[in-house]
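Trainee: Can you walk me through this one? I'd like to start with the DNA.

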Number of protein chains: 2
Amino acid sequence: MEKKNIRIKDIAQLAGVSIGTVDRVLHNRGKVSEEALQKVLSTLREIDYKPNLIARTLGTKKVFRIAVIIPDPAQDEYWAQAHIGIRHAAAEWDQYDVYVETHFFDLYHKESFLQLTQSAHLTKPDGIVIAPIFYHEALHFLHQCQASKIPFVIFNTNIPEIHPLSFIGQNLFDSGRVAAELMSLGQDLPGTFAVLHVNEASENSIHLLDKQRGFEHFFKVKNQPEFKTMALDITETEEAKLLKQVQGLLKDNQLKGIFVTTSKGTSTIAGILEKLGNKDLRLIGYDLLPENVEHLQAGTIDFLINQNSKHQTFLGIQHLANFLFLKKEPPARNLLPLEIITRENVNSYLGSALPQT
Amino acid sequence: MEKKNIRIKDIAQLAGVSIGTVDRVLHNRGKVSEEALQKVLSTLREIDYKPNLIARTLGTKKVFRIAVIIPDPAQDEYWAQAHIGIRHAAAEWDQYDVYVETHFFDLYHKESFLQLTQSAHLTKPDGIVIAPIFYHEALHFLHQCQASKIPFVIFNTNIPEIHPLSFIGQNLFDSGRVAAELMSLGQDLPGTFAVLHVNEASENSIHLLDKQRGFEHFFKVKNQPEFKTMALDITETEEAKLLKQVQGLLKDNQLKGIFVTTSKGTSTIAGILEKLGNKDLRLIGYDLLPENVEHLQAGTIDFLINQNSKHQTFLGIQHLANFLFLKKEPPARNLLPLEIITRENVNSYLGSALPQT
DNA sequence: GTGAAAGCGCTAACAT
DNA sequence: ATGTTAGCGCTTTCAC
């Protein structure tokens, strides 16, 4: 309680060397004689030295640049939220000379992604936070980063085989299971549930399949064959044709609910159902986008699962900045909880979007 | 990008005074002539000075002591979780000479609380984090703290009229509404729902009523008179008698579900229902206590609303320490989201109990 | 290889 | 009332 923390000065004293030498062995930089090394190491073994991270940062004048690579926020509200998280984190760090540079690519064109990663790489950032939407291109780019020793944090969609410094996201399979659970609750047998991948670029839909598989898995495990699921890719963007497609679905009078696997698609489908005056179907989708929240409150959407892209990016930068600045190892995987949002608890989520740090 | 942050030295230069003077006006300590004051204030107005909080802490050698006052963790798993959050926060801060001293009172004896607050007060802490379980005694104590200028953070149960530095908790009324929503989902009319306040000390039950009122409010608003609610205080601790009481409830064959307003009570009731072989009733309760999680996974409990006492205490200390150490004002109210936990998403919550900071 | 010393931005004690 | 200065614990530079 009264004992002050051990300082590197103390270690120097105990080991009978100068603080410069201690610093050198602590960070193994510069040259140290075998003898001095042993002396320092042995005293380090005896005491519990915890460096004062705060002081550390003062002494250094290094500035860090973090490159963030995400889809254009203007294209999609989900990514607009992600951008908010980035700006929050950036604001927190820029007074400590950790600068965040954002690079936006076109969500629907992998060439744009490819190009952007290359130009981002040329800026020689100290670290990268990236949403690796396009698998192959991302894989290639991240190998580049490994070669040039640039640490990177992945969020939203994982590429486990690349071993990022940290991955931030959700278990999408489980996410589908949660949707299925909420879908089936209190529903009468028999019934059909539709899984809709509403997505202009089928490119992205690889990870949407995880959600679908989780959804189907739930019923398999429960052994409820009277509940059927059917999946459908919807890449249609034209309003009228879309409406037709949904009307086709509704012909099945066993249809009890729809699970939409994308955040943007959620409000699209909700809008159509409202137009068709259909309020009985249970509708489950993703994310607290303003439009979705409206439909939730209107009663068209029953549940939203929150992927919290804002928080994901915030944490991504937080982890990377702490790693660069304070040498704090982040968790290899930071799986966010599968938050269930309803009409009654949505307000409690809207207020406290970002954790206080 | 290249411009370094503004330092107090820069301000001094611009205002044509010494850094000592600038420091004095920034913290209005010591004496400053009107003229110097104006010079500094006007340059401050022109530039955007953000103090380097990291450097600030280095220069000061003050040690802070935070007193935390909570029920004995040994008495109740909910408070054991709270204690975990405290230890986490304490570990983070003790290298910066912010020390946390915990004081445990007896959850069932207000005298114990009274006594403990007094002895805690005698230790002259620099700040207090408290769960004000016993309203009147807490009110009195907190007035004392105000008189002796000790800042305090309240969590778990609010006492708004005392204006704490910060309150951390949930909206209990809304929490009841969420429970009602989950309770009624997909249930056939007509039906009865029981609200059980399972609580050895009815003392604490004042705030449980908020949950009940929220629960009832939901049905009132929905205008569903075929759904009836009935509330019951259960202070019984004897296993056999308790079982009798629940059996009595079950006689009502319109009973569709039970809402338990306490975390400990949740597993108690779940245990009884399991013993009675009743799996059809919908059971909703509170918190991710190990026993509750077991019953959730077993299927007896359908939903848990997470009050996250661990996070509450963690944030409480975090806010107070940041306030003392870095002079960061915390939010006056920090309402945590009303997390809905089910069989399918519980794992995603168990992993990531505490946010990374 | 090693030690000594300057300095990071700020606070606090000391002169004036 | 105001300016100057010595640290805080660490990094970094510069002599030896």
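Mentor: Start at a base. A backbone N or O atom of Ala55(A) lies 3.4 Å from a base nitrogen of DNA strand D. That is a polar contact, a pair of N or O atoms within 3.5 Å; within protein, one must be able to donate a hydrogen and the other to accept it, and residues adjacent in sequence count only if both atoms are side-chain atoms. One caution: this is a predicted model, where local features need pLDDT of at least 70, side-chain atom pairs count only at pLDDT 80 or more, and totals for chains, interfaces and linings use all residues. Residues are numbered from 1 along each chain as its sequence is written, chains are lettered from A and ligands numbered from 1 in the order in which they are written, and side-chain values use heavy atoms, with hydrogens and water left out.

Trainee: Which residues come nearest to DNA strand D?

Mentor: Ile8(A), Asp23(A), Tyr49(A), Thr21(B) and Ser33(B), out of 25 residues around it. A residue counts as near if one of its heavy atoms lies within 4 Å.

Trainee: What touches the phosphates of DNA strand D?

Mentor: A polar backbone atom of Ile8(A) is 2.6 Å from a phosphate oxygen. The side chain of His27(A) has an N or O atom 3.1 Å from a phosphate oxygen. Of the strand D atoms within 4 Å of the protein, 72% belong to sugar or phosphate.

Trainee: And DNA strand C, which residues are closest there?

Mentor: Thr21(A), Ser33(A), Ile8(B), Asp23(B) and Tyr49(B), among 23 that surround it. Sugar and phosphate make up 76% of the strand C atoms within 4 Å of the protein.

Trainee: Which polar contacts does DNA strand C have?

Mentor: Here are some. A side-chain N or O atom of Ser33(A) sits 2.4 Å from a phosphate oxygen. For Arg56(B), a polar side-chain atom is 3.0 Å from a phosphate oxygen. Leu58(A) uses a polar backbone atom, 2.9 Å from a base oxygen.

Trainee: Which element gives the largest share of the surface near DNA strand C?

Mentor: H4(B), with four residues. Helices here are DSSP runs (H or I, at least four residues), strands are E runs of at least two, and both are numbered from the N terminus.

Trainee: New topic. What is the strand order in the sheet of chain A?

Mentor: E2-E1-E3-E4-E5-E11, six strands in an open sheet with parallel pairing. Two strands pair if DSSP finds at least two bridges between them. E2 (98-105) and E11 (333-335) stand at the edges with a single partner strand each, so one side of each has no neighbour in the sheet. The twist averages 15° from one strand to the next. Axes are lines fitted to C-alpha atoms, for helices over the stretch in contact, and angles run from 0 to 180 degrees between N-to-C directions.

Trainee: How many bridges join E1 to E2 in chain A?

Mentor: Eight. In one of them, Phe64(A) partners Val98(A).

Trainee: Which strands does helix H5 of chain A touch?

Mentor: E1, E2 and E4 (152-155) of chain A. Contact means heavy atoms within 4.5 Å. The direction of H5 makes about 165° with that of E2(A).

Trainee: Last one. How many disulfides are there?

Mentor: Zero over all chains, counting cysteine sulfur pairs within 2.5 Å.

Trainee: Is Cys145(A) buried or exposed?

Mentor: Buried, at 0% relative accessibility. Buried means under 20% relative accessible area, exposed over 50%, partly exposed in between (1.4 Å probe, protein chains only). Cys145(B) is buried too, with 0%.
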